[in-house]
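Reader: Please pick one part of this model and take me through it closely. Then tell me what else I should look at around it.

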Amino acid sequence: MPGKIRKETPLKNPDRPYLALGLEGSANKFGAGIIKHLEDGSTSVLSNVRHTYITPPGEGFQPRDTALHHREWALKVIDDCLSKAEVSIHDVDCICFTKGPGMGAPLQSVALVARTLSLLYNKPLVGVNHCVGHIEMGRDITGAQNPVVLYVSGGNTQVIAYSRQCYRIFGETLDIAVGNCLDRFARVINLSNDPSPGYNIEQEAKKGKRLLPLPYTTKGMDISLSGILSSVEAYTTDKRFKSEALPSDQEDIITPADLCFSLQETVFAMLVEITERAMAHIGSKEVLIVGGVGCNERLQEMMGVMARERDAKVFATDERFCIDNGIMIAQAGLLSYRMGFQTPLAKSSCTQRFRTDQVHVSWRA
């Protein structure tokens, strides 16, 4: 994280209540949240508001259109956020924003809003790594102490563990992220994007009855998903494929539900495998699932089976904190701010490529 860190000691309880406003907009959601750090070391989520840019079925979201959505909704979302928290912008100690990774144009829109608020109200800026925001919010909400983290979202798939003030990446996708894989297949079978294509795939998969053979590609601690996406798409051109689950006595019919079920089962098995390998490597008894795909109940269930076999525990959150939101940016930003970090205005740009292991996690021992 660019900038200066003035302290190297682990974070202590605050000497007074601290408030932070967090702004997130790295993809198709614009979120704003207010978090408070209290003198006893606890945190309080005062508000967490977001608005999602939803496209028609079969269509993804383009950077330019998504950026326009964020600009259109920024003021309303921030106003709602402050109103629900019952605080004024003058009360916050810092304004935190997503510096990266993410889509370029949406990131720039959020950075512009953050800079404007900083200049208008003379508040310090804190640029936040999106991935670290997910991790720190997950740790705070669930109470996980030192877990292996499975970070699964539309743009990222990583297995992470903490060591020496850095979140180390043990394994990751070699091509597309798991969320992107699910979203792209949802477009192929024309599923709705409301509330999200991944959620609709999950619901469709619950109706699936057949587990079809698909490529299972783990390479050490890494996985590859482009091949499985091509293979599941190929089933839609098979003569046995029926786009609607019509009553039939034929056992060889392939339905969209079967494909969703097979895709989920295979991909999630790959994710569980590399997560278990990381747990064995560091001797961990905790798994924390974060990111938008982390809401998936089947993924949580499969991870839970593995964890019980290892006498371990799975930690996960619901859609309020799994899906991109402003409060996670506020949490990670305020932790960093309390360690003395600020982002100078001249360095308040954003970047599409900002790896998790590039962040100095100064607030942890």
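Author: First, a word on names: helices and strands here are DSSP runs, numbered from the N terminus, with at least four residues of H or I for a helix and at least two of E for a strand. Keep in mind too that this is a predicted model.

Let's start with the record. An unreviewed UniProt entry lists a "binding site" made up of Tyr151, Val152, Ser153, Gly154, Gly155, Asp183, Gly198, Glu202 and Asn296. I'd begin with tyrosine 151, which belongs to strand β6, residues 148–152. With a relative accessible area of 0%, tyrosine 151 is buried, because anything under 20% counts as such. Beyond four places in sequence, tyrosine 151 touches His130, Cys131, His134, Asn156, Thr157, Gln158, Ile160, Val290 and Gly291. One of these partners deserves a second look: the side chains of asparagine 156 and tyrosine 151 make a polar contact of 3.3 Å.

Now hop to glycine 154, another residue on the UniProt list. Glycine 154 sits in the loop between β6 and β7, the latter spanning 157–162. Its relative accessibility is 41%, so glycine 154 is partly exposed. Once neighbours within four places in sequence are set aside, glycine 154 contacts Ala177, Gly179 and Asn180.

Back to the partners of tyrosine 151, since they lead to some empty space. His134, Val290 and Gly291 touch tyrosine 151, and these three also help line the largest cavity. The other lining residues are Met137, Gly138, Thr317, Phe321 and Cys322. Helices α3 and α9 (319–322) are the elements that each give two or more residues to this lining, and α3 has the largest share, with 3 residues. The cavity has a volume of about 30 Å³, and a search of the whole structure turns up 1 cavity of 30 Å³ or more. By class, its lining has 4 nonpolar and 4 polar residues but no charged ones.

Helix α3 (130–142) turns up again elsewhere. The second largest pocket holds about 470 Å³ of space. Among its 21 lining residues, Leu11, Gly41, Arg139, Asp140 and Leu335 are the closest to the centre. Here α3 and α10 (326–338) are the elements that give two or more residues to the lining. This lining counts 7 nonpolar, 8 polar and 6 charged residues.

Finally, some backbone details. Glutamine 165, in the loop between β7 and β8 (167–172), has a positive phi near 60 degrees without being a glycine. At 17% relative accessibility, glutamine 165 is buried. Asparagine 122 has a positive phi as well, about 55 degrees, but this residue is exposed at 69%, in the loop between α2 and β5 (125–129). There are cis peptide bonds to check, too. One runs from glycine 100 to proline 101, with omega near -5 degrees, and proline 101 lies in the loop between β4 (94–100) and α2 (104–121). Another joins aspartate 194 to proline 195, with omega about 0 degrees, and proline 195 falls in the loop between α4 (178–188) and α5 (197–205).

Conventions. Residues numbered from 1 in each chain as written. Predicted model: local features only at pLDDT ≥ 70, side-chain atom pairs only at ≥ 80, totals over all residues. Heavy atoms only, no water. UniProt positions renumbered as here; feature names shortened; annotations may be inferred. Buried < 20%, exposed > 50% of the residue type's maximum accessible area, 1.4 Å probe, protein only. Contact = heavy atoms within 4.5 Å. Polar contact = N/O pair within 3.5 Å; in protein donor to acceptor, adjacent residues only side chain to side chain. 1 Å grid on protein atoms, 1.4 Å probe; cavity = no way out; pocket = protein on both sides within 12 Å on 5 of 7 lines; lining within 4 Å. Points joined across faces, edges and corners; volume = space filled by probe spheres on them. Nonpolar A, V, L, I, M, F, W, Y, C, P; charged D, E, K, R; others polar.
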